[in-house]
Amino acid sequence: MVSPPLIDLHTHSTASDGTDTPEQLVAAAHRAGVDVLAITDHDTTGGWDAAAAALPTGMRLVRGAEFSCVSPTGREERPVSVHLLGYLFDPTHPAIVAEQSRLRDERVVRLARITEKMAADGYPVDVESVFALVPEGTSAGRPHLARALVGAGVVGSVNEAFATLLHNGSPYYVPKADTPVERAIAMVRAAGGVAVFAHAFARRRGRVVEPSVIADLAAVGLGGVEVDHPDHTPEDRELLRELAAAHDLVTTGSSDYHGTNKTTPVAVEHTDPDAFDALLSRTSGVDVLVG
Ligand code: AMP
Ligand code: ZN
Ligand code: FE
Ligand code: FE
């Protein structure tokens with residue numbers, strides 16, 4: 001009997017805050033038995049071509065990105081930062097090109113500010129050494145600073161850096177001007193892609209949205225929700241599955257692999273092949289590439 005394809009729809013490379021180059025990412029996924037891999041770097045499509053060129057025979061590549069967004073929570077309080085996965089959109093669509101470029105610039109300024117705040121408090125980090133870890137043109141993120149903190153001996157791991165100094169509630173946290181999530185959904189759809197709400201209920205990262213927000217977004221074109229994600233509890237998954245059924249959303253599963261910046265192995269969570277087909281049926285941008 002032929003086994004079903006193994007599908008991982010959320011991974012990061014050195015184009016953003018993963019530690020594997022796009023080539024290494026594809027190779028790691030291949031070794032793990034992945035048949036369908038999505039590359040979804042934060043606010044960039046910069047890893048697409050290198051990943052495509054490295055595809056082993058028969059492996060399929062879903063070109064995507066993770067968009068930094070801001071959303072109402074559904075409660076009477078300030079908005080919250082959320083992540084939206086966009087798949088198979090046209091990467092030359094002007095609104096996407098402009099917004100991703102703006103956000104990458106925003107990320108540089110913001111990471112420098114966090115670093116300066118920590119340096120002012122005596123932490124042995126400086127902007128120059130942090131940005132030495134961020135190659136030109138890639139998306140800067142807190143994991144880069146986390147690595148600098150590990151290198152300086154301040155913390156023992158990237159996880160510890162987030163738990164103690166870099167989390168969203170930290171005095172060193174600096175927000176960035178993220179895209180309103182409704183606008184990001186519209187942008188992805190206008191470019192022929194499908195939008196999936198990433199790790200919607202990952203509470204350990206901070207505040208999360210109410211279920212009503214997912215319903216509202218479904219009404220304005222959200223195509224799916226990431227259900228099986230390492231940061232979701234069984235109860236989170238159950239609730240997301242119910243929401244998806246009620247609002248005609250595709251359910252996905254993925255590892256959110258970041259190489260050694262996280263302990264999560266590639267393909268530790270995966271997407272059902274029928275759900276993947278349903279996702280594809282909602283796209284008209286770029287094709288899935290076959291190696
Ligand atoms: P930023 O993009 O700068 O807002 O940083 C957020 C990114 O940091 C997330 O997309 C994750 O890749 C990573 N991250 C968040 N929390 C943790 C954590 N506890 N341990 C390791 N990486 C994390
Ligand atoms: Zn990340
Ligand atoms: Fe994310
Ligand atoms: Fe991610």
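Donors are taken here as N, O and S atoms within 2.8 Å of the metal, and water is not among the atoms, so a site may look incomplete. In this predicted model, the donor residues of the iron ion (ligand 3) follow the sequence spacing E-x16-H-x115-H. The coordinating atoms of the iron ion (ligand 3) are contributed by E66 (OE), H83 (ND1) and H199 (NE2), at 2.0 to 2.2 Å. E66 belongs to strand β3 (residues 60-71) and H83 to strand β4 (residues 80-87), so this pair ties together parts that are 17 residues apart in sequence. E66 and H83 are both buried. The iron ion (ligand 3) and the zinc ion (ligand 2) are separated by 5.5 Å.

A further site is formed around the iron ion (ligand 4), for which H10 (NE2), H12 (NE2), E66 (OE) and D256 (OD) serve as donors at 2.1 to 2.3 Å. E66 is thus listed among the donors of the iron ion (ligand 3) and among those of the iron ion (ligand 4). The arrangement about the iron ion (ligand 4) is irregular, because its four donor atoms subtend angles of 75 to 160°. The distance from the iron ion (ligand 4) to the zinc ion (ligand 2) is 4.3 Å. Along the chain, the donor residues of the iron ion (ligand 4) show the spacing H-x1-H-x53-E-x189-D. Distant parts of the chain are linked by the pair H12 and D256, which lie 244 residues apart. H12 is placed in the loop between β1 (7-8) and α1 (22-31), and D256 in the loop between β8 (250-253) and α10 (273-280). H12 is buried, with a relative accessible area of 0%, and D256 is likewise buried, at 2%.

Definitions and conventions:
Residues are numbered from 1 along each chain as its sequence is written. Chains are lettered from A and ligands numbered from 1 in the order in which they are written. This is a predicted model: local features need pLDDT of at least 70, side-chain atom pairs count only at pLDDT 80 or more; totals for chains, interfaces and linings use all residues. Side-chain values use heavy atoms; hydrogens and water are left out. Donors are N, O and S atoms within 2.8 Å of the metal (3.2 Å for Na, K and Ca); water is not among the atoms, so sites may look incomplete. Four donors count as tetrahedral if all angles lie between 85 and 135 degrees; four count as square planar and six as octahedral if opposite donors are over 155 degrees apart and all others between 65 and 115; anything else is irregular. Helices (H or I, at least four residues) and strands (E, at least two) are DSSP runs, numbered from the N terminus. Buried means under 20% relative accessible area, exposed over 50%, partly exposed in between (1.4 Å probe, protein chains only).
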